[in-house]
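User: I've got a model open and want to know what backs up the labels people put on it. Can you walk me through the reasoning?

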Amino acid sequence: MKKAFSVLTLAGMIALPAAVMAGGERGATNISDEKVEELVQQVDQLQGELARKDEIAAENDTKLQAMTETLEDMESRLEDMDDLLDERSEAWDLAARFLWSGDFRSRLDYYNATGADYLNPASGAQESGREYSSDTFFTNRFRLNMEVKATEDIKFKGRLAMYKTWGMESYTRNDLNSWWPLFDGNSTRTPSDNAVRVDRAYVNWTNIGGAPVWLSIGRRPTTDGMPSQIRLGVDERMATASAQMEYAFDGASLGYQYDWGNDSMGLGRVRFCYGRGFENGVQWDAATYYGSTDMYPLDDTDIAGLSWDVMETEDRLLYVQSFLAMNMFMHPNFLDDDFNAMMDEQTANYTEGNIHHTSAVYQATAGDFTYFVSGGWSKTDPGGHGMLNDYATSMVMQADGSMTPNPDWRPNTDSESGYSLYTGLRYDFSDLGVKIGVEYNYGSQYWIAFNPGHDDLYLAKLATRGHVGELYMIYDLPAGEAISKYAKTFVRLGYQHYAYDYTGNDWITKPYDTDDPAMMTAALNMATESGSVVPLESADQVYLTLDVFF
């Protein structure tokens, strides 16, 4: 309509002067033929442009139609993709629920120990203690952590671990016998082969009934206890229990969280815990046939007690734990069949009694300083077989040089108490990525640490009946930007010096004074015959680790 109107308008404009002239009206203006021709050309040009616009409009209509068809096709494909995404989203959600992290440690140790002086069995003369050493001992440890929610309030946590000695696919030779061979209480904590074992596996049910109450059951987080994370360079709490009690066991806890109502005290958590440290299996009542239970004397070993975070803030923690270990075994079932056979041949296995154990830790951070103070107390409650028994008395050399048995030997059925002190300080040079720390611990004659799951390579330092000093340095590696919040890479160099006042580190044999050569002779003979710990006077250890957390 616009085009037709424009052409008619232009034609009328051209024809109008001619019509006026033809009517002879006065004042008419003469238009030359050239002007008329010019106007006609303009009209033709306009008509050509209008025709081109029609062609463009038609092309645009075609393109628009094609675009419409394309959009309809894309819409159809998007609908198909939505259906596919709906099908796959459930699988993606399942995978995304798992939270993974882990750590790897490669460690080099140098160790040198001196045995306590003893009497030569042949001459009766005093001899200097034997020397024990390992110039290079390499280990690798790998651990993989996982977390996943089953419901809003139920979460599973687990950790797999491999702890291997370089160049060894079985339990490493250890002339000191300074650790127990692998068993349930130290599984994944003692270097052995390259098997991956379950280190932790438990379920937490929180917010029970809408209250700050939780239930946890499974293989417990009871190793790498406080305050060892300071020395290990992790800084974050790695276990519920304290380092004086490091024993991997299965059990359950019922906990309650409370708020002190002020920032200086923060939160508190109290837990009632139960676990099984040894399962005796199916047995029959031997007393019915033999009139005595000595044929099958082993009972289940159970552990029950209280674990209490009295107060916790960002920079302070006060923790107390107290438990009773009931029906302690003479020795557990080791994973090494040969060692089990040796123990069965040389010593009877039976239930010995109970152990009461209490410890406390206070740790705090003030600026670049981190420090802690910890103490422990243990007490035996022996049964008829006794605890901390004076086995070596029957092996003490007589005046004539003989080793005749002592007819007056009896099991020790008295309760024996021991205590320990443990303290440490670390200073962080934040600008340099360097941390330097020092620690000291002392254990009395009858102190029992209850920590076969310790992280020390040889004898547990917190089980020492005597003195241990340690100096260490941690250096954060300049290895680029962290990829995840778990990332941490550092090397750790440390030195430990052990000075033993008394022998042993368990509840089985009486701790003997290392300054008594006659008793050291008996203790050394007993260690040779029964696989007990060799009596040492001192030891020095240097370690270097590379730790990578990811």
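Analyst: Here are the labels one by one, each set against its rule.

User: Before we start, what kind of model is this?

Analyst: This is a predicted model. The protein chain has 550 residues, of which 42% are buried. Its secondary structure comes to 6 helices and 18 strands. The accessible surface is about 28700 Å², with 57% of that belonging to carbon and sulfur atoms.

User: What share of the contacts in the chain is long-range, counting residues at least 6 apart in sequence?

Analyst: Of those contacts, 68% join residues at least 24 apart.

User: Let's do salt bridges. What makes D224 and R159 one?

Analyst: The cut-off is a Lys or Arg side-chain nitrogen within 4 Å of an Asp or Glu carboxyl oxygen. The side chains of D224 and R159 meet at 4.0 Å, N to O, and are counted as a salt bridge. D224 sits in the loop between β7 and α3 and R159 in strand β5, so the pair ties together parts that are 65 residues apart in sequence.

User: And why are D224 and R159 called buried?

Analyst: Buried means under 20% relative accessible area. D224 has 2%, so the label fits. R159 has 6%, so R159 counts as buried too.

User: How do you know that E246 and R189 are paired?

Analyst: Again it's the N to O distance: 4.0 Å between the side chains, given as a salt bridge. E246 is in the loop between α3 and β8 (250-259) and R189 in the loop between β5 and β6, which puts the partners 57 residues apart, in distant parts of the chain. As for burial, E246 has a relative accessible area of 5% and is buried. R189, at 5%, counts as buried as well.

User: What makes D235 and R426 a salt bridge?

Analyst: Their closest N and O atoms are 2.9 Å apart, and the rule asks for within 4 Å. D235 lies in the loop between α3 and β8 and R426 in strand β14 (residues 417-429), so this pair ties together parts that are 191 residues apart in sequence.

User: Which label does D235 get, buried or partly exposed?

Analyst: Partly exposed: D235 has a relative accessible area of 37%, and that class runs between the 20% and 50% limits. Its partner R426 is at 2% and counts as buried.

User: How many salt bridges are there by this rule, and which residues are linked in a network?

Analyst: The count comes to 29 salt bridges. D103, R105, R141, R143, R159, R189, D199, D224, E246 and D455 are linked in a network.

User: What makes the patch that includes D82 negative?

Analyst: Asp and Glu count as negative, and the patch is made of E69, E72, E75, E79, D80, D82 and D83. Patch residues also need over 30% relative accessible area; D82 has 40%, so D82 clears that bar and is labelled partly exposed. You'll find D82 in helix α2 (residues 33-96).

User: On to the backbone. How do you know that the bond between M226 and P227 is cis?

Analyst: Omega is about 0° there, and the peptide bond joining M226 and P227 is cis. P227 is placed in the loop between β7 (213-219) and α3 (228-232).

User: Why do T188 and N327 get flagged?

Analyst: Both flags come from phi. T188 has a positive phi of about 75° although T188 is not a glycine. N327 has a positive phi near 60°, and N327 is also a residue other than glycine. T188 sits in the loop between β5 (154-165) and β6 (197-205) and, at 9% relative accessibility, counts as buried. N327 is in strand β11 (residues 316-329) and is partly exposed at 27%.

User: Last one: why is Y502 called partly exposed?

Analyst: Y502 has a relative accessible area of 22%, and buried would need under 20%. Y502 is in the loop between β17 (488-500) and α6 (517-530). Leaving out residues up to four places away in sequence, Y502 touches Q445, R465, P511, Y512, D513 and T514. Y502 and S444 are 58 residues apart in sequence and 8.2 Å apart in space, C-alpha to C-alpha.

Conventions. Residues numbered from 1 in each chain as written. Predicted model: local features only at pLDDT ≥ 70, side-chain atom pairs only at ≥ 80, totals over all residues. Heavy atoms only, no water. Patch = residues over 30% accessible without salt bridge, like charges linked within 9 Å, V, L, I, M, F, W, Y side chains within 5 Å. Areas by Shrake-Rupley, 256 points an atom, 1.4 Å probe, with all protein chains shown as cover. Charge placed at Lys NZ, Arg CZ, Asp CG, Glu CD. Helix = DSSP H or I, 4+ residues; strand = E, 2+ residues; numbered from the N terminus. Buried < 20%, exposed > 50% of the residue type's maximum accessible area, 1.4 Å probe, protein only. Contact = heavy atoms within 4.5 Å.
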